[in-house]
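Trainee: I would like to learn how to read a model like this one. Can we take it feature by feature?

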Amino acid sequence: MQNPTLNPSILLSPVEDGYVAYDPAADQLHHLNPLAALIAELCDGTRDLDQIRELVAPLLPAGSAGEVERLIEDAVKAGLFTPSAVSPGTYREMSADELAALAARLRDNGKTRTAFLCQRRAAELDAADPKKWSFLGDLAHILGRRDDARMAYGKYLELRPDNAEVQHLMVALRDGPPPSRVPDDCIQQLYRRFSSFYEHNVCDELQYEGPERIQAMVESAIGGRDHLALLDLGCGSGLAGMRLKPRASSLVGVDLSPEMIELARARNIYDRLDVAEITEWTGRMRERFDLIVACDCFIYFGDLGQVVIPAARLLQPDGTLAFTVEKGERYPFALSDSGRYTHHPSHVREVAGAAGLRVARFEEAFLRMEYGVEVTGLFVILQTE
């Protein structure tokens, strides 16, 4: 083999544990370990195989010098190297935008770790672009790399200090004192972005089962009752409302997001839809309801007393309150890295008692997926004494 050299069409980028090498002609990504990365650097067309082997040999275990030739032969077969020299220095490093585009494709194909490595290099190359840091934070978040997520989101906030979502995530990532509930501007910003693909994401990708499970539990708890005055708190796009509509004589929906309210309105099942923060809304209402449901809504509150107690005041004497939260191991509740709260089962039961309600049903079950991990929910049915 004459002087082997890196294929000039290959785009390289250094990462923490070697290189990523992208072949645009084949649309194929190669992850080079530190040894392969060193050999790639030495294969610049100025050295023959013996010279490369001599330079690398001190780094290899005794008797494994043949590993160099094997790696080069494998790289030639993969199209990374050519067996004879081309003009030295004709390859180039991938640009920040190329790396970011590649990272997005890798993430979409489930290769999150390699996407993270590419995106980190993209952010390093274009540190003035807030989107580079935001996406890096998202990838680190998915991988559970809290320090990297905190760093990336911190860089993002230096460039975009008014982003309410990222500000809230940083509270969790810094382990700071959590707010009593997720700030309104954070919720509104989140669902302004999320509304356009909400149902595809939660139903198809995250396999969300909250509304179906709550429907089954409600029907078990109330028996054959119908013609109910029904309130859907945090109604979102109406996933719970459409399942319980057959039981309702009237259906009212409340949500903080105008975009989500419009999705609910498109179902044409609600008698009234209000854009409002639910504790403010329940605090001023004088209507009474037979059934109040809140699917994946109380996850945005810490102490559940601030939502359960005012909701309980709106129940008819034989009323029912049904809701879901994410199960937590820390008592009474905790702000998770997702920016949502988890709740200990004991806290839920204590709040029920403080609201003057009895626990009619209480189940732990699958709620949805998150980053490939099952989220356990608490499914709760409370009724007036």
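Mentor: We will go through a helix pair, some single residues, the cysteines and one further helix. Keep in mind that this is a predicted model.

Trainee: Let's begin with the helix pair. At what angle do the axes of H5 and H6 cross?

Mentor: For any pair, look at the angle between the axes and how close they come. Here the axes of H5 and helix H6 (residues 130–143) cross at roughly 150°. They come within 9 Å. Angles over 145 degrees count as roughly antiparallel, so H5 and H6 are roughly antiparallel to each other. Their crossing is left-handed.

Trainee: Which residues make the contact?

Mentor: From H5, they include Thr112, Phe116, Gln119 and Arg120. From H6, they include Trp133, Phe135, Leu136, Leu139 and Ile142. By class, the contact of H5 with H6 has 11 nonpolar, 2 polar and 4 charged residues.

Trainee: Now single residues. Is Thr112 buried or exposed?

Mentor: Check the relative accessibility against the cut-off. Buried means under 20%. Thr112 has 15%, so Thr112 counts as buried. Thr112 lies in helix H5, which covers residues 112–125.

Trainee: What does Thr112 contact beyond its neighbours within four places in sequence?

Mentor: Thr112 is in contact with Leu106, Leu139, Ile142 and Leu143. Leu139, Ile142 and Leu143 also appear on the H6 side of the helix contact.

Trainee: Arg120 is found in helix H5 too. Is Arg120 buried or exposed?

Mentor: Apply the cut-off again. Arg120 counts as buried because its relative accessibility is 16%. Leaving out residues up to four places away in sequence, Arg120 touches Glu16, Leu136, Arg145 and Asp148.

Trainee: On to the cysteines. How many disulfides are there?

Mentor: Use the distance between sulfur atoms. The pair must be within 2.5 Å. By this rule the count is 0 disulfides. Take Cys186: the nearest cysteine sulfur belongs to Cys297, 14 Å away.

Trainee: Are Cys186 and Cys118 buried or exposed?

Mentor: Cys186 has a relative accessible area of 6%, so Cys186 is buried. Cys118 counts as buried as well, because its relative accessibility is 0%.

Trainee: Last, a whole helix. How many residues of helix H15 are buried?

Mentor: Count the buried positions along the helix. In helix H15 (residues 305–312), 6 of its 8 residues are buried. H15 is thus mostly covered. Its buried residues are Gly305, Val307, Val308, Pro310, Ala311 and Ala312.

Key: Residues numbered from 1 in each chain as written. Predicted model: local features only at pLDDT ≥ 70, side-chain atom pairs only at ≥ 80, totals over all residues. Heavy atoms only, no water. Helix = DSSP H or I, 4+ residues; strand = E, 2+ residues; numbered from the N terminus. Buried < 20%, exposed > 50% of the residue type's maximum accessible area, 1.4 Å probe, protein only. Contact = heavy atoms within 4.5 Å. Axes fitted to C-alpha atoms, helices over the stretch in contact; angles between N-to-C directions. Parallel < 35°, antiparallel > 145°, perpendicular 65-115°, else oblique. Left-handed = near helix turned anticlockwise from the far one by under 90°. Nonpolar A, V, L, I, M, F, W, Y, C, P; charged D, E, K, R; others polar.
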